[in-house]
Amino acid sequence: MSKLRVALLQLNPVIHKLEENIHRADTILSKLSSNKPIDLLVLPEFAFTGYKFPDAQTLSPYLEKTSKPGPSISWAQETSQRLNCFTVLGYPESQGQTTFNSAIVINPNGEIIHNYNKSFLYDADDQFGASEGEG
């Protein structure tokens, strides 16, 4: 019986430093041994943007869409392909005029296979105007 090999990557992302946060994740993942490949890579909500935005305007430049992937989703797609694993990544999503605290699942081919909109919001989500998803 084979084992599921899971890697959890928890950063302390600095708000307004998206590229630096992504670079730090790449640096950490570069230390993975090719002798021990992973099946699943999991990152938390707003993994690269940070979570405590004071308002919607401050978060706005970091919103991404599944139809037009931005830096976070593109990173997850490229990383899934490079590591040949599934990746779960939390990111701020825009659907028209609606903002969600979302998580995306990417397969080893770099394809989006699921997108989840957070359904139980906290005060921090309310500060930047997140809407409740269906879960």
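Which residue's side chain is joined to that of Glu-93 by a polar contact of 2.8 Å? In this predicted model, the partner is Asn-117, and a second polar contact, of 2.9 Å, joins the side chain of Glu-93 to that of Asn-115. Glu-93 is found in strand β3, which covers residues 86-95. The residue is buried and yet has no salt bridge, the nearest side chain of opposite charge being that of Lys-65, at 9.3 Å. Since a salt bridge is counted only where a side-chain nitrogen of Lys or Arg is within 4 Å of a carboxyl oxygen of Asp or Glu, Lys-65, 9.3 Å away, does not qualify as a partner for Glu-93. When neighbours within four places in sequence are left aside, the contacts of Glu-93 include Asn-115 and Asn-117, and with them Leu-63, Glu-64, Thr-66, Thr-98, Thr-99, Phe-100 and Ser-102. The surroundings of this buried acidic side chain thus hold the two asparagines with which Glu-93 makes its polar contacts.

Helix α1 was examined next. The helix comprises twelve residues, 18-29, for which a rise of 1.5 Å a residue predicts a span of 16 Å; the C-alpha atoms at its ends are 17 Å apart, in agreement with that expectation. Leu-18, Asn-21, Ile-22, Ala-25 and Leu-29 are the buried residues of α1, and, viewed down the helix axis, they fall within an arc of 100°, so that they line one face of the helix. The spacing follows from helix geometry, because an α-helix has 3.6 residues a turn and residues three or four places apart therefore point the same way. On the face of α1 turned away from this buried side are the exposed residues Glu-19 and His-23. The buried residues, for their part, pack against strand β2 (40-42) and helix α3 (71-83).

Four salt bridges are present in the structure. One of them is formed by Asp-26 and Arg-82, whose closest N and O atoms are 3.8 Å apart; because Asp-26 lies in helix α1 and Arg-82 in helix α3, this pair ties together parts that are 56 residues apart in sequence. Both partners are partly exposed, with relative accessible areas of 29% for Asp-26 and 49% for Arg-82. Helices α1 and α3 are therefore linked by this salt bridge, while α3 is also among the elements against which the buried residues of α1 pack.

A further salt bridge joins the side chains of Glu-45 and Lys-118, with an N to O distance of 3.1 Å. Glu-45 is placed in the loop between β2 and α2 (56-59), and Lys-118 in the loop between β5 (112-117) and α4 (123-127), so the pair ties together parts that are 73 residues apart in sequence. The two ends of this bridge fall into separate accessibility classes, Glu-45 being partly exposed at 34% relative accessible area, whereas Lys-118, at 11%, counts as buried. Lys-118 also forms a salt bridge with Asp-125, in which the closest N and O atoms are 2.9 Å apart, and Asp-125 is buried, as is Lys-118. Through these shared partners, Glu-45, Lys-118 and Asp-125 are joined into one network of salt bridges.

Within helix α3, attention is drawn to Ala-76, a buried residue with a relative accessible area of 0%. Apart from neighbours within four places in sequence, Ala-76 is in contact with Thr-87, Leu-89 and Ile-106. The C-alpha atom of Ala-76 is separated by 19 Å from that of Pro-61, a residue 15 places away along the chain.

Backbone geometry was also considered at two residues that have a positive phi although neither is a glycine, namely Phe-46, at about 50°, and Asn-84, at about 55°. Phe-46 is located in the loop between β2 and α2, the loop that also holds Glu-45, and is buried, with a relative accessible area of 1%. Asn-84, by contrast, belongs to the loop between α3 and β3 and counts as exposed, at 55% relative accessibility.

Key: Residues numbered from 1 in each chain as written. Predicted model: local features only at pLDDT ≥ 70, side-chain atom pairs only at ≥ 80, totals over all residues. Heavy atoms only, no water. Helix = DSSP H or I, 4+ residues; strand = E, 2+ residues; numbered from the N terminus. Expected span 1.5 Å × (residues − 1). Buried < 20%, exposed > 50% of the residue type's maximum accessible area, 1.4 Å probe, protein only. Arc of directions from axis to C-beta. Contact = heavy atoms within 4.5 Å. Lys, Arg positive; Asp, Glu negative; His and termini not counted. Polar contact = N/O pair within 3.5 Å; in protein donor to acceptor, adjacent residues only side chain to side chain.
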